[in-house]
Each structure stands twice: as C-alpha cells, then as structure tokens.
Amino acid sequence: MMTTFPTVARVGYGAMQLFGAAPEDATRVLRRAVELGVNHIDTASFYGPGEVNRRIREALAPYPDDLVIVSKIGARYTGAEPMPLTAAQKPAELRAAVEDDLRQLGLDCVPVVNLRRMDIGPSAEVEEGQDVDVDDQLAEMIALRDEGKIGAIGMSSVPVDVVRRALPAGIACVQNAYSVLDRSQEAALDLCAAEGIAWVPYFPLGSSFPGFPKVAEHPVVAEIAGALGVTGAQVGLAWLLAHSPNTLLIPGTRSVGHLEENLGAAEVTLDAEALERLDGIGSFEPQAHRVERLQR
C-alpha cells in the first residue's frame with residue numbers, strides 16, 4: 001500500500017532555522033516563500049520546542065488552501081550540543097507530538113507526518129527504552145491517520161530495509177540525509193522511486209554538523225556554477241531535482257535572499273556533461289569521518 005504525497009511544487013521550504021531568527025524575520029521569510037509559490041513547508045514540534053510551529057501559524061494562518069505542512073515526530077528538544085535532541089520514540093510520545101503539532105499549528109489534521117527514527121545519522125543517542133520496534137510505531141501512526149489527525153505517513157532517517165518493511169503501512173515520503181556529495185542512501189532513493197514515494201533529502205547542501213562537506217565548496221560544483229552564472233548552492237539543488245523525478249526539496253534559510261536563490265534552482269538546467277561530472281563526485285558509502293550517532 002502506498003499513500004500519495006500531496007501535489008506540491010518541487011522546491012519547498014524547511015523551517016527548522018526559523019527558531020534562531022527574529023520573529024519579524026521569520027514572518028518575512030515565510031510570507032515571501034508563499035508569495036513565490038512555495039506550498040510545502042517542513043517543520044516539527046521539537047524545533048524550538050514548538051516555536052517554529054507557532055511562528056508558522058502567526059505568519060500564515062489562515063493557511064492557503066494548497067499549503068501542505070509536513071511535520072516529524074520521534075524526538076524531543078533538549079538544547080544540548082552538538083545534537084539538541086533526544087529520542088522520543090515510544091508510541092505514546094509519537095501521539096503526544098502529533099497533538100503538539102495540531103495545537104501549535106492550529107490544524108485539525110497535519111497533512112503529512114514523518115516518523116523520525118534514529119537508525120542512521122546524524123541522530124541523538126538512543127537511551128534505554130527508546131529502541132522501539134518500527135512495527136509498533138507504525139501501528140500508532142496508522143491509528144492517528146485513521147482518526148484523521150494526520151493525513152499521510154512519512155519516514156525519516158531510515159535505511160532501505162526499514163523503508164521496505166514500512167511499505168505495507170502506506171508511506172508517502174522518506175526524508176534522509178542526501179546530496180550530490182553524500183549518496184550513501186542511494187538504495188533507499190531507488191526503492192522510493194520504484195514505489196512512487198516522494199524522496200525529500202535533508203542536508204541537501206551539507207550541514208553545520210561536523211563531518212559534512214559543503215556542496216557549494218566542491219571544485220566541480222563551483223566550476224559548473226561559474227560556467228552557468230549561478231551559485232554553487234543552485235547547482236547542488238538542481239542536481240537533486242534532475243537526478244530523480246520523485247525528489248522534493250525543502251532547503252532552509254533565515255534569509256529572503258537565500259530563499260529566492262534556493263527557489264531559483266528550479267530554473268537551472270544542467271546539460272548531460274554537467275550531470276555526468278556531478279554524478280561522478282558523490283560518495284556511495286558513508287564517509288569515514290561522518291558521525292553516525294552524535295552524543296547529546
């Protein structure tokens with residue numbers, strides 16, 4: 001069984017960074033995103049905690065009819081460094097997080113909710129009692145969907161075997177770390193493409209976490225960007241869109257300028273030579289220096 005992801009523009013917006021923005025800047029970015037056609041916003045009640053959800057509501061409610069808000073559950077905010085989250089994987093915690101989303105966002109139903117597992121990094125340390133079987137979690141997600149509290153089920157931070165195991169529940173999307181430089185989850189992408197499941201990569205341009213190179217700084221990316229008269233970030237995002245037709249992007253920023261730059265990636269055309277060069281630079285295995293489990 002597959003649940004279809006709602007129809008959205010291929011470049012959306014990830015709201016996580018809004019927690020660190022001034023409220024007026026958050027409002028400005030969110031409203032400009034919608035003005036420019038963004039109808040897919042990614043959030044979570046553990047961003048802040050709750051502050052990002054509240055800022056989305058303050059800026060955009062009453063929501064446009066075509067806006068799809070996607071949340072994720074499975075973690076709890078701690079504020080610790082370098083990973084400010086801890087696992088909240090128990091079915092009762094998943095349900096409580098959905099209730100938080102509904103209250104904070106002012107919704108009767110969250111259109112899509114991702115089950116954020118801790119199977120692959122970067123993830124919080126999984127404490128005793130938090131190593132929950134995915135079938136038990138999916139049973140709770142299905143119940144929430146049957147109750148009308150969520151519209152569709154997604155998965156996040158899951159390897160290909162967990163995606164395959166979850167297919168009978170009806171999976172609308174998968175969010176994993178993935179970029180032109182880090183293609184260790186290529187098998188999961190291939191499975192999603194074959195099953196018609198939306199692939200929504202996070203860290204599409206790298207990350208501030210240690211061990212993640214910056215896509216725009218790679219010499220091949222920079223050279224192609226210079227030849228096209230665009231930015232390295234736009235090349236990295238354009239490659240993702242060209243690489244697989246089931247890819248949806250949710251790049252995040254606190255800046256209207258960077259928002260407009262990211263959305264401009266949809267207009268960047270990479271020719272066959274550029275695609276071949278970019279295809280050749282990615283790592284198909286986790287990089288040796290990459291941290292799979294960051295300590296809280």
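Student: In this predicted model, which residue forms a salt bridge with E51?

Tutor: The model is predicted. Look in helix α2, residues 51-60. The closest N and O atoms of the pair are 3.1 Å apart. The partner of E51 is R55.

Student: Why are E51 and R55 separated by about one helical turn?

Tutor: An α-helix has 3.6 residues a turn, so residues three or four places apart point the same way. E51 and R55 both belong to helix α2. They are about one turn apart because their spacing in that helix is four residues.

Student: Is R55 buried or exposed?

Tutor: Buried means under 20% relative accessible area. Its partner E51 has 24%, and counts as partly exposed. R55 has 9%, so R55 is buried.

Student: How many salt bridges does a search of the whole structure find?

Tutor: E51 with R55 is one salt bridge. R117 with D119 is another, at 3.0 Å between the closest N and O atoms. The search of the whole structure gives 15.

Student: Is R117 buried or exposed?

Tutor: Its partner D119 is partly exposed, at 27% relative accessible area. For R117 the value is 8%. The cut-off for buried is under 20%, so R117 is buried.

Student: How many residues apart in sequence are the parts that D135 and R165 tie together?

Tutor: The side chains of D135 and R165 meet in a salt bridge, 3.2 Å from N to O. D135 sits in helix α4 (residues 134-146) and R165 in helix α5, so the pair links parts whose separation in sequence is 30 residues.

Student: What is the relative accessible area of R165?

Tutor: D135 is partly exposed, at 39%. R165 is partly exposed too. The relative accessible area of R165 is 41%.

Student: Which residues do salt bridges that share partners join into one network?

Tutor: Here the salt bridges have partners in common. They link up into one network. Its residues are R32, E35 and E260.

Student: How many residues does the largest nonpolar core have?

Tutor: In soluble globular proteins, nonpolar side chains tend to be buried together. In this structure, the residues with the most contacts inside the largest core include Y13, I41 and I56. Helix α8 (residues 232-243) gives the largest share, six residues. The core has 79 residues.

Student: Leaving aside neighbours within four places in sequence, which residues is I56 in contact with?

Tutor: I56 is one of the residues with the most contacts inside the largest core. Its neighbours within four places in sequence are set aside. The contacts are then A15, L30, I41, T43, A61, Y63, I69 and L105.

Student: Which elements do the buried residues of α6 pack against?

Tutor: Helix α6 covers residues 186-195. Its buried residues include A188, L189 and L191. They pack against α5 (160-166), β8 (171-175), β9 (198-199) and α8.

Student: Which residue follows α6?

Tutor: The residue has a positive phi. That phi is near 70 degrees. The residue is G196.

Student: How far apart in space are R254 and L241?

Tutor: R254 lies in the loop between α8 and α9 (256-264). In sequence, R254 and L241 are 13 residues apart. In space, C-alpha to C-alpha, they are 22 Å apart.

Student: The backbone oxygen of which residue lies 3.0 Å from a polar atom of the side chain of R254?

Tutor: R254 is partly exposed, with a relative accessible area of 45%. Setting aside neighbours within four places in sequence, its contacts include G20, A21 and V29. The backbone oxygen 3.0 Å from a polar side-chain atom of R254 belongs to Q17.

Key. Residues are numbered from 1 along each chain as its sequence is written. This is a predicted model: local features need pLDDT of at least 70, side-chain atom pairs count only at pLDDT 80 or more; totals for chains, interfaces and linings use all residues. Side-chain values use heavy atoms; hydrogens and water are left out. A nonpolar core is a set of buried Ala, Val, Leu, Ile, Met, Phe, Trp, Tyr and Cys residues joined through side-chain atoms within 4.5 Å. Buried means under 20% relative accessible area, exposed over 50%, partly exposed in between (1.4 Å probe, protein chains only). Helices (H or I, at least four residues) and strands (E, at least two) are DSSP runs, numbered from the N terminus. Contact means heavy atoms within 4.5 Å. A polar contact is a pair of N or O atoms within 3.5 Å; within protein, one must be able to donate a hydrogen and the other to accept it, and residues adjacent in sequence count only if both atoms are side-chain atoms. A salt bridge is a side-chain nitrogen of Lys or Arg within 4 Å of a carboxyl oxygen of Asp or Glu.
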